[in-house]
Amino acid sequence: PTVLSTKEVRSILSTVNTPQNKAYLTTVYSCGLRLQEALNLQVSDIDSDRMRIHVHRGKGAKDRYVPLPKSTLIILRSYWKLHRNPTWIFPRLGRSCKEGPSATTPMNKGSVQGALRRVLKQLKFKKRISVHTLRHSYATHLLEAGVNIRRIQQYLGHSSLNSTRCLNCIPAKFEQ
């Protein structure tokens with residue numbers, strides 16, 4: 001899989017021009033979430049006292065906790081104030097962008113995928129990049145920062161360490 005540098009990630013996130021997509025993509029990257037895991041985040045999943053997110057029904061229907069960076073919490077709070085949906089962190093806004101407060105479903109995955117494609121086109125990126133690329137980049141950046149691979153395995157929700165190693169973004173120097 002493709003791995004982005006921290007500079008490339010910053011460039012993408014700073015180019016996103018809507019609050020919902022900026023908050024969504026920032027959360028995916030900074031918490032290492034899968035596309036659907038982030039879409040399904042609920043207000044009650046944010047534990048600001050412990051600075052973590054409770055991911056419900058991840059791949060394999062497994063729950064896990066992931067660290068919540070302070071900067072991401074600030075972005076999430078700011079975004080939530082724009083829609084104030086009592087359930088969803090990323091509610092479906094509708095065509096009028098006014099349905100957020102009463103939405104009963106999360107944003108559509110096509111809207112965030114489309115937003116990312118537009119940003120990549122604007123930045124003239126040639127790499128093959130998807131929302132999932134942000135998750136791979138998160139894992140690689142943690143590893144490069146010295147985080148233990150077993151801890152990364154837990155954050156990603158992998159049952160097997162081999163799944164974490166199979167990201168192909170775990171350089172050999174970290175395998176020792």
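## Overall build

Among contacts in the protein between residues at least 6 apart in sequence, what share joins residues at least 24 apart? The share is 53%. This is a predicted model. Its chain has 176 residues, and 46% of them count as buried.

Eight helices and three strands make up the protein. Read from the N terminus, the order is α-α-α-β-β-β-α-α-α-α-α. Three helices come ahead of the strands, and five helices follow them.

## Confidence

The pLDDT averages 90 over the protein. A score of at least 70 is reached by 88% of the residues. Residues 172-176 are another matter: their pLDDT is below 50. Beyond near neighbours in sequence, that stretch makes four contacts in the model.

## Salt bridges across the sequence

Five salt bridges are present in the structure. One of them pairs Lys127 with Glu8, with 2.9 Å from N to O. Lys127 sits in the loop between α5 (109-123) and α6 (131-144), while Glu8 belongs to helix α1 (residues 6-15), so this pair ties together parts that are 119 residues apart in sequence. Lys127 is partly exposed, and its relative accessible area is 38%.

Glu37 and Arg64 form another salt bridge. Their closest N and O atoms are 2.8 Å apart. Glu37 is in helix α3 (residues 35-39) and Arg64 is in strand β3 (residues 64-67), so a helix and a strand are tied together across 27 residues of sequence. Are Glu37 and Arg64 buried or exposed? Both are buried. The pair also has company: Arg34, Glu37 and Arg64 are linked in a network of salt bridges.

## A pair at the burial cut-off

Asp47 and Arg52 form a salt bridge too. Here the closest N and O atoms are 3.6 Å apart. The two partners fall into separate burial classes. Asp47 has a relative accessible area of 19%. Buried means under 20%, so Asp47 counts as buried. Arg52 has a relative accessible area of 23% and is partly exposed.

## The largest pocket

How many residues line the largest pocket? There are 18. Gln20, Asn21, Gly94, Ser111 and Arg118 lie nearest the centre of the pocket. Two elements, α2 (19-31) and α5, each give two or more residues to this lining. The largest share comes from α5, which supplies five residues.

The volume of the largest pocket is about 430 Å³. Polar residues number nine in its lining. Six others are nonpolar, and three are charged.

## The cavity

Rolling a probe the size of a water molecule over the atoms reveals where empty space is left. In this model, the count comes to one cavity of 30 Å³ or more. The largest cavity holds about 40 Å³ of space.

Which residues line the largest cavity? They are Glu37, Asn40, Leu41, Asp45, His54, Val55, His56 and Arg57. Glu37 thus turns up again: this cavity-lining residue is also part of the salt-bridge network with Arg34 and Arg64. By class, the cavity lining has two nonpolar, three polar and three charged residues.

Key. Residues numbered from 1 in each chain as written. Predicted model: local features only at pLDDT ≥ 70, side-chain atom pairs only at ≥ 80, totals over all residues. Heavy atoms only, no water. Salt bridge = Lys/Arg side-chain N within 4 Å of Asp/Glu carboxyl O. Helix = DSSP H or I, 4+ residues; strand = E, 2+ residues; numbered from the N terminus. Buried < 20%, exposed > 50% of the residue type's maximum accessible area, 1.4 Å probe, protein only. pLDDT = per-residue confidence, 0-100. Contact = heavy atoms within 4.5 Å. 1 Å grid on protein atoms, 1.4 Å probe; cavity = no way out; pocket = protein on both sides within 12 Å on 5 of 7 lines; lining within 4 Å. Points joined across faces, edges and corners; volume = space filled by probe spheres on them. Nonpolar A, V, L, I, M, F, W, Y, C, P; charged D, E, K, R; others polar.
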